[in-house]
Amino acid sequence: MASTETKANTDDLAGLEAGLDALDAVEVRRTPVGEVLLKKVLPPVLAVALVLAVWQILVTAGVTEESKLPPLSAVWDSLADMWLKGTLFDVIWTSVSRGLLGFLLALAIGTPLGLLVARVKAVRAALGPILSGLQSLPSVAWVPPAVLWFGLNDAMMFTVILLGAVPSIANGLVSGVDQVPPLFLRAGRTLGATGFKGVRHVVMPAALPGYLAGLKQGWAFSWRSLMAAEIIASSPDLGLGLGQLLENGRNNIDLPGVFLAIILILVVGIAIDLLVFSPVERWVLRSRGLLSRS
C-alpha cells in the first residue's frame, strides 16, 4: 500500500515538473518576413488605402466641393512640386530636428524632476499639483509669452516644447515609481542598493513601463507644441518648417498645400512612434515575459 502511494506521489511530482518545464520553455523563432508584412504592414496600408479611396469618391461624386476637400491629384501635385524644388526634406528636417532636440532637452530635465517628485514627499506636495496642471494646459498658451520673452527664434521654440513635454515625462516617471512593489525596494536595500544605486538598479528598471508611457506622451506633447509654435510664430528667420508650411497654405488659400502639410505632420509622428518607441516598448514587454519572442 505504501509503495503504491509513493509511486503515485512520484508520478504527481513528475507531472508537475513536466508542466513547469513546459511553462518555462519559450519557443524562440524568427518571424518570416512574409508573416511580418501580412500581419503588421498590410493592415495599416489597407486602412490608409481605404481612407484615400473614400476621399477620392467624395470628391469625384461631388459630395463635397473642391474648395472644402481638394482632390488627391492636387495634393500629389503639391508634393511633387516641393520634391522638384528640393524643399521637401529641408522642410521636414527643420521641424524634426527641432522636435527631437527639444524632446531630448525635456528628457534631461523631466527625468530627474520626476525622480525628485516621486521620492521626496515635500517636493511632491509642492510640485505635484503644478506638474499636473501644466500637463493639462494647452501648449499653444505658452507661445505668446515665449515670443515676448525671447523673440522669434529657436529659443522660443524650445521653451514651448519644454513647457509642454517636461510635465508629461515627469508625471509618467512618477506614476511608474508609484507602481514599484515595496518588496522590490526592501530587497534592494537588503542587497545594498541604496541611494543612487537603488535608483539605478531597482527603481528605474521597475518603473520602466510607466516611464516609457510618459516618454511617448512627452514626444506627442513635444511635437504638438512645436507645431503650435511654428504656426503662430512664423518668421523667415526661423526657416520653413511643417507648421509654417501649414500656415502659409492657409494664408495663400492653398487647400492642397494645407492638406499636404497635415499629412506630412501625421506621417512624421507615426514614423517616430514606429521607429523609436514601438521597438523599445516591445523590448520592455518581452523582457518581462509579457510578449512572445516570435
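1. A good place to start is the largest pocket: 24 residues line it, and V48, I263, L266, V267 and I270 are the ones that lie nearest its centre. Please keep in mind as you read that this is a predicted model. The volume of the largest pocket comes to about 740 Å³.

2. Which helices each supply at least two residues of that lining? They are α2 (33-60), α3 (72-85) and α12 (255-287). Helix α12 gives the largest share, with 13 residues of the lining. If you want to follow the pocket wall on screen, the numbering 255-287 will take you along α12.

3. The make-up of the pocket lining is worth a look too. Sorted by class, 21 of its residues are nonpolar, two are charged and one is polar.

4. Next, turn to L245, which sits in helix α11 (residues 242-251). Is L245 buried or exposed? With a relative accessible area of 13%, L245 counts as buried, because the cut-off for that word is under 20%. Leaving out residues up to four places away in sequence, L245 touches M82, V91, L240, A261 and L264. One of these partners, M82, has a number that falls in α3 (72-85), and two others, A261 and L264, have numbers that fall in α12 (255-287). There is also a distance to note: S234 is 11 residues from L245 along the chain, and their C-alpha atoms are 9.5 Å apart.

5. Just past α11 you will meet I253, in the loop that runs between α11 and α12. Its backbone deserves a glance, since phi of I253 is near 50°, a positive value in a residue that is not glycine. I253 is exposed because its relative accessible area, 77%, is over 50%. So the two residues picked out here fall on opposite sides of the cut-offs: L245 is buried, whereas I253 is exposed.

6. Finally, have a look at a pair of helices elsewhere in the chain, α6 (residues 143-150) and α7 (residues 154-178). Two packed helices are described by the angle between their axes and the distance between the axes. Here the axes come within 9 Å and cross at roughly 145°, and the crossing is right-handed. On the α6 side the contact is made by V143, A146, V147, W149 and F150, and on the α7 side by A155, M156, T159 and V160. By class, this contact has eight nonpolar residues and one polar residue, with no charged ones.

Technical notes. Residues are numbered from 1 along each chain as its sequence is written. This is a predicted model: local features need pLDDT of at least 70, side-chain atom pairs count only at pLDDT 80 or more; totals for chains, interfaces and linings use all residues. Side-chain values use heavy atoms; hydrogens and water are left out. On a 1 Å grid over the protein atoms alone, a cavity is a set of points where a 1.4 Å probe fits but cannot get out, and a pocket is an open set with protein on both sides within 12 Å along at least five of seven lines; lining residues have an atom within 4 Å of a point. Grid points are joined across faces, edges and corners, and a volume is the space filled by probe spheres set on the points. Helices (H or I, at least four residues) and strands (E, at least two) are DSSP runs, numbered from the N terminus. Ala, Val, Leu, Ile, Met, Phe, Trp, Tyr, Cys and Pro count as nonpolar, Asp, Glu, Lys and Arg as charged, and the others, Gly among them, as polar. Buried means under 20% relative accessible area, exposed over 50%, partly exposed in between (1.4 Å probe, protein chains only). Contact means heavy atoms within 4.5 Å. Axes are lines fitted to C-alpha atoms, for helices over the stretch in contact, and angles run from 0 to 180 degrees between N-to-C directions. A crossing is left-handed if the near helix is turned anticlockwise from the far one by less than a right angle, and right-handed if clockwise.
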